[in-house]
Amino acid sequence: MTTALYMHDDGKAHVTPPGHPERVERLEAIETVLSESRFEALDRRDAPLADRAELLRCHSESYIARIEAAIPNDGYRALDADTHVSPGSWAAALRAVGAAGAAVDAVIAGEVANAFCATRPPGHHAETAKPMGFCLFGTAAIAAKRALDHHGLERVAVVDFDVHHGNGTQDLLWNEARTFFVGSHQMPLWPGTGDKNETGAHGNVMNLPLPPNTAGSGFRRAWEAHGLPTLDAFKPELVVISAGFDAHEDDPLAQLRLREADFAWITEALCDLADAHADGRIVSTLEGGYDLNALAASSATHVEVLMRRGQ
């Protein structure tokens, strides 16, 4: 089998104000590196538009309507100090959710071994009723809920190695006992959540806070000692990855010191987990990463592992 890559040009129609770190060029950098000949075997698929019913898996109709109504006819509109929308943002957000849902369908059907969704805006900061941190809808959480409610899976793991805590995913899955959310992140750092004592309504959340300037060795120790054994005990039938690459040492928004080899390591470890419990099924969706060169190189490394392990 092969690895599916979900993208769509609508992702580049979500335009943010000049100087904003979550910008169109992020997708362009990933698109460029994944067009190299070493990625020729990728199963390239257009990200579909998500139905409204998919958004309703995690968000209320009133919240969805509020986001839709906020989309301007021209220019930009600020939803908070960090989160902006423009005329193309609605379609881009629906493509991001749609890509993750389609990837879940394809992986569970056995059409592909695993999948990477190179989409934007990101999703892991969007709470049940609050857009924030560049995010509108909880893409990874919605994908997990689709696997549970549409496909009938009983256990889905959501794994987040973005440098910022996935407060939105945690909020959306807090009461969902069929999921286990594990995330590593820098602390202290925005959004200020993600303490070890935040464990979910059913003991289904594990946070792995890392101090500033933690290098790859400290990152790996946290996952080896806590995150991976807990996920192994959970025995997920699908692994959903919030793939944020802003823990890279070159990223301008934080102070962890990971390199491409560390992203390869965690991807390998999650493939081992998926092989043991989920028939190798992984759906990965892009979150952060704001140095374009580091983002491109880290994404390429992540996809290379998925491709090799999916053969």
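A residue counts as buried when its relative accessible area is under 20%. Keep that cut-off in mind, because it decides who is in and who is out in this predicted model.

**Inside a helix**

Let's start with helix α5, which covers residues 139–149. Ten residues here fall under the cut-off: Thr139, Ala140, Ala141, Ile142, Ala143, Ala144, Lys145, Arg146, Ala147 and Leu148 are buried. Since 10 of the 11 residues are buried, α5 is largely enclosed by the rest of the structure. Notice that Lys145 and Arg146 are on the buried list too.

**The whole protein**

Now zoom out. The protein has 9 helices and 10 strands, and 59% of its 311 residues count as buried. Is the overall build compact or not? A compact globule with 311 residues would have a radius of gyration near 19 Å, and the protein has 17 Å, which agrees. Its C-alpha atoms fill a box of roughly 50 × 45 × 40 Å along the principal axes.

The chain also brings distant parts of itself together: among contacts with a separation of 6 or more, 76% are between residues 24 or more positions apart. On the outside, the protein exposes about 11200 Å², with carbon and sulfur atoms supplying 48% of it. As for charges, there are 26 positive and 44 negative ones, and their mean positions are 2 Å apart.

**Cysteines without a bond**

How many disulfides does a search of the whole structure find? The search finds 0. For Cys58, the closest cysteine sulfur is in Cys135, and at 13 Å that is too far for a bond, because a disulfide needs two sulfur atoms within 2.5 Å. Cys135 is likewise in no disulfide, with the sulfur of Cys58 as its nearest cysteine sulfur.

**A buried loop residue**

Leu34 sits in the loop between α1 (24–33) and β2 (43–46). Is Leu34 buried or exposed? Leu34 counts as buried, because its relative accessibility is 0%. Leaving aside residues up to four places away in sequence, Leu34 touches Leu5, Phe39, Leu42, Arg44, Phe116, Ala300 and Val303. So which kinds of distance does the chain cover? The C-alpha atoms of Leu34 and Thr128, 94 residues apart along the chain, are separated by 33 Å.

Here are three buried residues side by side:

| Residue | Relative accessible area |
|---|---|
| Leu34 | 0% |
| Cys58 | 10% |
| Cys135 | 0% |

Key
Residues numbered from 1 in each chain as written. Predicted model: local features only at pLDDT ≥ 70, side-chain atom pairs only at ≥ 80, totals over all residues. Heavy atoms only, no water. Helix = DSSP H or I, 4+ residues; strand = E, 2+ residues; numbered from the N terminus. Rg over C-alpha atoms; globule rule 2.2 N^0.38 Å. Buried < 20%, exposed > 50% of the residue type's maximum accessible area, 1.4 Å probe, protein only. Contact = heavy atoms within 4.5 Å. Areas by Shrake-Rupley, 256 points an atom, 1.4 Å probe, with all protein chains shown as cover. Lys, Arg positive; Asp, Glu negative; His and termini not counted. Charge placed at Lys NZ, Arg CZ, Asp CG, Glu CD.
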